[in-house]
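Hi,

Here is the structure I promised to pass on to you. My notes on what I found in it follow below.

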Amino acid sequence: MAAEFSPEITWAELSTNIREIQNHNASNLSFEENHRYAYNMVLYKQGDMLYRGVKRLVTENLELLAKEEIIPAFPTGTTDPTMQNTEEEVLLKALRKVWDDHKSNMVRLGQILKYMDRVHTKSAQVPTTNEMGLELFLSQIMKNPIKDHIVTAILNQIRHERDGNVINRSVVKECVDVFQSLQYENTPTATIYKRDLEPPLLEASKVFYLKEGQELANSYNTPDFLRLVEGRFDAEQSRTHHYLSSQTSHPLLQILKDTLLEPHIENIIAKESGLDAMIDNNQTSDLSRLFRLCQKIGNGLKFLETFLKKSIVRRGQEINSVSAGEEFGDIEAEDRETEPSSKKDKGKGKARPKASGIEPAIKWVQDVLNLKDKFDSVWKNSFEGNRTVESALNEAFGTFVNQNEKCSEFISLFIDDHLRRGLKGKSEIEVDVVLDKTITIFRFISEKDIFERYYKGHLAKRLLQGRSLSDDAERGMLAKLKVESGVQFTQKMEGMFNDMKISADTTKDYLDHIAKTTAPEIELNITVMTSNAWPMTHSTSPCLLPPKMTEACQSFQHFYLSRHQGRRLTWQFSLGNADVIVRFKTKSHEINVSTFALVILLLFENLNDDETLSYKEIKESTGIEETELKRHLQSLACAKYKVLKKHPPGRDINPDDTFSFNNDFSCPMKKFKIGTISSKVENSEERKETIDRVEDERKHQMEACIVRIMKDRKHMTYNDLVHEVTQQLTSKFLPETLAIKKRIEGLIEREYLERCEDRKSYNYLA
């Protein structure tokens, strides 16, 4: 057998057949015969000859294919985009054709050279037939100038598509697959795609998008810029998914972030058509797009949060400015007569806003609620309820709300307005929804103790005047405040409700008592207030009651003290009201007036129509303090219901004025109210008085807090003590370090604390 084998003859036969395979004539060949030729050459130690011969034939075939298929397809350098696109497509198709042809040939050769791959290549430490084919394709085809033309063609195809032209994506993908199939090292990731195609692709993309980013920022408004940029992100993701490598997605998208977003996002948000305009115009989809794009870059959300806070604070400060510019009323507007400036305005007085001085407060809170609703909608619908953005929004609202020094008073007045009886146009459920929203603004207040003082005052008025929408609504509001600020915050307010309940029972018992004895001519309905539960900021001016009223007061006082020994009753006439029937020339009316107003009216009970009382006489007869007297005379003689006549007529009360009973008074209503004490925005003097009281209370609270902490800890450093006090009081107000220091010094003087030798810490003294 050995003498019959001839390597030369065998190779000559096999090489001829290999050329036939390369020429696509394999159907006429015998697989068994060719396999035997290769088998025998390896078997008779001619594997090296076989391997080198096959390598030479493959190399020659690749050179021929390059010469006949690829090189003739090189672009001509035309500048016409359409022709350029066509030529590049032809070149890429040519490369893919050569690649498919080469792969097909290598599969057939691999089948007939299986024995060589199994025996010879391992011992000779050379690549297998398939590996050799890839290496030869890389060295013979994927080399310059072919490689440069192919890379340029792929990059140009991508640029054409970025410019809005349609390309044959499948052709580009087929060529990219060739780049990904060829490795220059024996590692799966070391492909010529990563080495030769991706770097120039990323560089070209960077140049393209740097230029485009500048053009878009200069030429387009914010919504259009955002739409185009997001479109670029979507397009590049689609590109990497369909015909580029998924490994390119991250660096390519990073280029978009670095060129389209990072350099321009701040200016784009700040544009006239930017964030503010989109919020004003309710451009939900554009705001959502802005949020999505901001999330893509490191500082994107910070930029967005910064501009959101600026927008909210600016809008809030405008609301503050409007409320600060309002003229605050200072008299009970419900009874104030609005004098039309012309005949054209007649009859419009009743349709005007709720008079009193609370309109600025109502408008301020409503405007803040509307602003909160607007940004809550943006946050929920456009910013995906992002918690970081929510914190920024709350911080901004807290900033401008606390810039309004009257925020606590305004919120309390707003709640007061919604809880008063007879609120028109809203059901209890609707009122509850509004109050829930109001609680969100309450959370922003940093000085909740000021709000507490105002709220207690307004609550007291509602309870005493019976003006609450409902007891359930009041208690529901207290429950909301308790959840927000704790039990101590509402403890005294709950005490007021308890007093009202006990007072109702006491009044019933009193009426039962006098029914069995001699009843006074005037029927009383009594509210007994626990002094430490109610805010006693109301007028305590003395008043000289007529005998009948004095008799009624003494009757109740005797009854009460007989049941509660050791207690003391102090009458608060400034908080009372009375129903009185007044006879005029035409008919009688049942009028509800304040206690002071009743005392004034009773002075005219036995006077003739032409008789008058001077201001001085009224003052001496009633003993009412001057400010209160003027206010109540104004209600009776200068407001809507003029049951007294002032001489001379006018809106202001002067010491030389005289008054007479207006017997000619007429009114279509049988019952009406005069001089109802209504809530109003405090003037600067009243506000100063309120703040002074709050400051005094804060001193006591700080001292109590310090003693409570030191009693528990026994020994603390100055810094730790200040930090602990601040932490515990933050829910009510933000104490200043200097104020805490002064309180510590005061406690040392009163020997509650002692300073240690190190001068930096304190001990508690039992």
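Leu 511 sits in helix H22, which covers residues 487-516. Please keep in mind that this is a predicted model. With a relative accessibility of 30%, Leu 511 falls between the limits of 20% for buried and 50% for exposed, and therefore counts as partly exposed. Setting aside neighbours within four places in sequence, the contacts of Leu 511 are Glu 523 and Leu 524. Phe 556 is 45 residues away from Leu 511 along the chain, yet their C-alpha atoms are 9.4 Å apart.

For the overall layout, the protein chain is split into domain 1 (7-182), domain 2 (500-573), domain 3 (576-673) and domain 4 (684-764). Between the C-alpha centres of domain 1 and domain 2 there are 112 Å.

Next, a helix pair you may like to look at. Helix H16 (residues 359-381) packs against helix H19 (residues 428-444) at about 90°, and 10 Å separate their axes. Angles of 65 to 115 degrees count as roughly perpendicular, so that is the description for H16 and H19. On the H16 side, the residues in this contact are Val 365, Val 368, Leu 369, Lys 372 and Asp 373; on the H19 side they are Val 434, Lys 437, Thr 438, Ile 441 and Phe 444. Sorted by class, this contact comprises 6 nonpolar, 1 polar and 3 charged residues.

There is also an open sheet of 3 strands, ordered S3-S5-S4 with antiparallel pairing. Strand S3 (613-614) and strand S4 (644-647) are its edges, each pairing on one side only. S4 and strand S5 (residues 658-661) are joined by 4 bridges, and Leu 644 has Phe 661 in S5 as its bridge partner. Lying across S4 and S5 is helix H26 (residues 626-637), at about 110° to S4.

Further along the chain, strand S9 (residues 761-764) pairs with strand S7 (residues 715-717) through 3 bridges, and the two run antiparallel. Here Thr 717 is matched with Ser 761 in S9. Strand S8 (residues 753-755) is likewise antiparallel to S9, again with 3 bridges, and Leu 753 has Tyr 764 as its partner in S9. What joins S8 and S9? They form a hairpin with 5 residues between them, and in the turn Arg 759 has a positive phi of about 65°.

Happy to talk any of this through whenever it suits you.

Best wishes

Note on methods. Residues numbered from 1 in each chain as written. Predicted model: local features only at pLDDT ≥ 70, side-chain atom pairs only at ≥ 80, totals over all residues. Heavy atoms only, no water. Domains from an automatic or database assignment. Pairing = 2+ DSSP bridges. Contact = heavy atoms within 4.5 Å. Axes fitted to C-alpha atoms, helices over the stretch in contact; angles between N-to-C directions. Parallel < 35°, antiparallel > 145°, perpendicular 65-115°, else oblique. Nonpolar A, V, L, I, M, F, W, Y, C, P; charged D, E, K, R; others polar. Buried < 20%, exposed > 50% of the residue type's maximum accessible area, 1.4 Å probe, protein only.
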